[in-house]
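Colleague: Please pick one part of this model and take me through it closely, step by step. I would like to see what lies around it, and how the rest of the chain relates to it.

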Amino acid sequence: MVLLTVVFILIEKRKVAVPIREHAGKGALVGLIVGIAWIGLAAGVLLATHQLTIAGGNMVQLPWLWMLSAFVNVVMQELLVRGYIYQLLKTNCNLPVAIVVSTALFTLMHGGAFEAGLLPVANVVSMCLFTTALYEAEETLLAPIMAHAVWNMVGGVILGGVSLADDYPSLFNMTPSANALLSGGSCKIEGSVVILLLNVVLTLAFAIAARRDTTMRQAAQA
């Protein structure tokens, strides 16, 4: 990522910036709160309705290191997808092209979803659209980084209900019910239709917020 950052700066000669510093404090806080609410609602609904159940725990050595690893992994994904590629396409092409290409790339980076079926793929796509809308609303990459990181760290490393790389351990084990549409089946949280609905609602909410802020800025400049 350091090498990619250097190449990005040299090629673009600082014409295209990755937005991190501006609105950093507010964006990071909003991302953290949204991430907690996101995984909290998702896991809470599925556990409360017994679509997923906690089936024991595991002894995990150095859990903080796995948490850090999951966080760094998210930072790398976000820098590549919503940082460099998204910003290049948005600046040199337009917003729809940036959204389509970055969403396609993000989905391909989660290739395991294609083996699991249409619904897990739809959940990955809707997750990318939601985090893109969150970025546009907060205008800093820290917002989607924090939300995405909380989702992976809590859902994956702690609950064991979000699919990470095969070598990641989890503190708890989740068992899905026989209703794969609701429980997510082998994909657990990320394979449930509940998550698709939640992602769509969040996408619309932050897309509306981003559109409202853009309109207000344009009005102020007029």
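Modeller: Two residues are in contact when heavy atoms of theirs lie within 4.5 Å. This is a predicted model. The part I take is helix H9, which runs over 193–221, and the spaces and residues around it; a few loop residues come at the end.

Start with the helix itself. H9 has 29 residues and spans 42 Å from its first C-alpha to its last, close to the 42 Å expected at 1.5 Å a residue. Its N-terminal end is capped by Ser192, which has a side-chain oxygen 3.0 Å from the backbone nitrogen of Val194.

Which residues of H9 are buried? They are Ile195, Leu198, Asn199, Leu202, Thr203, Phe206, Ala209 and Ala210. The spacing of such a list is worth reading alongside a general rule: an α-helix has 3.6 residues a turn, so residues three or four places apart point the same way. The buried residues of H9 pack against H2, H6 and H7.

One residue of H6 gives a closer view of that packing. Leu134 lies in helix H6. Its relative accessibility is 0%, and buried means under 20%, so Leu134 counts as buried. Leaving aside neighbours within four places in sequence, Leu134 is in contact with Val30, Ala143, Pro144, Ala147 and Phe206. Phe206 is one of the buried residues of H9. Another of them is Leu202; although Leu134 and Leu202 are 68 residues apart along the chain, their C-alpha atoms are separated by 8.5 Å.

H9 also borders empty space. Rolling a probe the size of a water molecule over the atoms shows where empty space is left. The structure holds one cavity of 30 Å³ or more, and the space in the largest cavity is about 40 Å³. Its lining is made of Pro120, Asn123, Val124, Met127, Trp151, Glu190, Ile195 and Asn199. H6 and H9 are the elements that give two or more residues to this lining, and H6 gives the most, with four. Ile195 and Asn199, which appear in the lining, are also among the buried residues of H9. By class, the cavity lining has five nonpolar, two polar and one charged residues.

Next come the pockets. The second largest pocket holds about 390 Å³ of space. Of the 15 residues that line it, Lys90, Leu95, Thr132, Glu136 and Ala210 are the closest to its centre. Helix H4 (95–109), H6 and H9 each give two or more residues to the lining. H9 provides the largest share, six residues. This lining divides into seven nonpolar, three polar and five charged residues. Ala210, one of the residues closest to the pocket centre, is also on the list of buried residues of H9.

The largest pocket has about 540 Å³ of space. Its lining counts 23 residues, with His110, Ser163, Leu164, Ala165 and Glu190 nearest the centre. The elements that give two or more residues here are helix H3 (63–92), helix H5 (112–116), helix H6 (118–138) and helix H7 (142–158). Twelve of the lining residues are nonpolar, nine are polar and two are charged. Glu190 links two of these spaces: it is among the residues nearest the centre of the largest pocket, and it also lines the largest cavity.

That leaves the ends of H2, one of the helices that the buried residues of H9 pack against. His23 is found in the loop between helix H1 (2–12) and H2. At 41% relative accessibility, His23 is partly exposed. It has a positive phi of about 60 degrees although it is not a glycine. Most residues other than glycine have a negative phi. His50, in the loop between H2 and E1, likewise has a positive phi, of about 65 degrees, and is exposed at 59%.

Gln51 is found in the loop between helix H2 (24–48) and strand E1 (52–57). Unlike the exposed His50, Gln51 is buried, with a relative accessible area of 14%. Not counting residues up to four places away in sequence, Gln51 touches Leu46, Thr175, Pro176, Ser177, Asn179, Leu182 and Ser183. With Ser177 there is also a polar contact of 2.7 Å between the side chains.

Terms used:
Residues numbered from 1 in each chain as written. Predicted model: local features only at pLDDT ≥ 70, side-chain atom pairs only at ≥ 80, totals over all residues. Heavy atoms only, no water. Buried < 20%, exposed > 50% of the residue type's maximum accessible area, 1.4 Å probe, protein only. Polar contact = N/O pair within 3.5 Å; in protein donor to acceptor, adjacent residues only side chain to side chain. 1 Å grid on protein atoms, 1.4 Å probe; cavity = no way out; pocket = protein on both sides within 12 Å on 5 of 7 lines; lining within 4 Å. Points joined across faces, edges and corners; volume = space filled by probe spheres on them. Nonpolar A, V, L, I, M, F, W, Y, C, P; charged D, E, K, R; others polar. Expected span 1.5 Å × (residues − 1).
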